[in-house]
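This report describes a protein model, working outward from one residue to its helix, a pocket and the chain as a whole.

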Amino acid sequence: MASETQTPQPNPPSSSPPPSSNAWKERILLPTVLAGLVGGGSGFLSSRRAAHSHLPLTYATNLAIVAGCYCGARELVRDARASEPDDLINSVVGGILSGSLLGRLQGGRFGAVRYSLIFAFAGTAMDFTTQQLKPFFQSFKSDPSTNHPQQKASNDGWFKLPEWSPIQVLDEEALAAKRAREQQLYSKRVLGKLNNEES
């Protein structure tokens, strides 16, 4: 009877953060900063920079605002739908929301429709491309000491110069042989100079 009257104990709070805050820096802050850098670089390389000295700052600010609005709207939709970060529906809906907001500010009702379609298409295409290239970029972040199929040995590292390159990475034996040759050449030069000075 006593076992029937016991109340269930609540589960202890988990130490992991809620799903909405997982890696928000990677999904919102990083693209915003990168967009600002790309905008500043394109403004710096623009042919109109001579007439407008503040153009790189303007381009950087505008592109960072656009990317921040898009990424924020995409993450808001992801949180509302309780879906995975790689779901492209989040990109479409986030693009429509951020495009309609920024388009309404920029160009009225017609601008809202136009910008929402552009943001939905461009944002989804960018997210799809990012998803496809993510494994490629993660291979650069991995530890170079791990064995990959392309590597012959773990001590070769991630970068290998071609055989025809004049720059060669030497192992211990080849390095010792090179130092011995250099020592011999140095002694021959020194002795040659002494013999020339004496005569």
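Leaving aside neighbours within four places in sequence, Tyr70 is in contact with Ser91, Gly94, Gly95, Ser98, Phe119, Gly123, Thr124 and Asp127. The model is a predicted one. Tyr70 belongs to helix α2. Its relative accessible area is 8%, so Tyr70 is buried, the cut-off being under 20%. Between the C-alpha atoms of Tyr70 and Ile96 the separation is 8.9 Å, with these positions 26 residues apart along the chain counted as their distance apart.

Ser98, one of the residues in contact with Tyr70, has its place in helix α3. Ser98 counts as buried because its relative accessibility is 2%. Beyond neighbours within four places in sequence, the contacts of Ser98 are Cys69, Tyr70, Ala73 and Phe119. Phe119 thus appears in the contact list of Tyr70 and in that of Ser98. A polar atom of the Ser98 side chain also lies 2.9 Å from the backbone oxygen of Gly94, and Gly94 is itself among the contacts of Tyr70.

**Helix α2 and the residue after it**

Helix α2 covers residues 55–81, a run of 27 residues. From first C-alpha to last, α2 reaches 39 Å, close to the 39 Å expected at 1.5 Å a residue. Its buried residues are Leu55, Pro56, Ala60, Ala64, Ala67, Tyr70, Cys71, Ala73, Arg74, Glu75, Val77 and Arg78. The cover over these buried residues includes α1 (24–45) and α3 (88–141).

After α2 comes Ala82, in the loop between α2 and α3. Ala82 has a phi near 55°, which is positive although the residue is not glycine. Most residues other than glycine have a negative phi. Ala82 counts as exposed, because its relative accessibility is 70% and the cut-off for exposed is over 50%.

The accessibilities of the three residues discussed are set out below.

| Residue | Relative accessibility | Class |
|---|---|---|
| Tyr70 | 8% | buried |
| Ser98 | 2% | buried |
| Ala82 | 70% | exposed |

**The largest pocket**

The volume of the largest pocket is about 1,200 Å³. Its lining is made of 33 residues, and those closest to the centre are Pro31, Arg74, Met126, Asp127 and Thr130. Two or more lining residues come from each of α1, α2 and α3. The most come from α3, which gives 15 residues. By type, the lining divides into 18 nonpolar, six polar and nine charged residues.

Two of the residues closest to the pocket centre have already been met: Arg74 is among the buried residues of α2, and Asp127 is in contact with Tyr70.

**The chain as a whole**

Four helices and zero strands are found in the protein chain, and the pattern along the sequence is α-α-α-α. The chain has 199 residues, of which buried residues make up 20%. Of the contacts between residues at least 6 apart in sequence, 44% join residues at least 24 apart. The pair Tyr70 and Ile96, 26 residues apart, shows a C-alpha separation of 8.9 Å.

Methods. Residues numbered from 1 in each chain as written. Predicted model: local features only at pLDDT ≥ 70, side-chain atom pairs only at ≥ 80, totals over all residues. Heavy atoms only, no water. Expected span 1.5 Å × (residues − 1). Buried < 20%, exposed > 50% of the residue type's maximum accessible area, 1.4 Å probe, protein only. Contact = heavy atoms within 4.5 Å. Polar contact = N/O pair within 3.5 Å; in protein donor to acceptor, adjacent residues only side chain to side chain. 1 Å grid on protein atoms, 1.4 Å probe; cavity = no way out; pocket = protein on both sides within 12 Å on 5 of 7 lines; lining within 4 Å. Points joined across faces, edges and corners; volume = space filled by probe spheres on them. Nonpolar A, V, L, I, M, F, W, Y, C, P; charged D, E, K, R; others polar.
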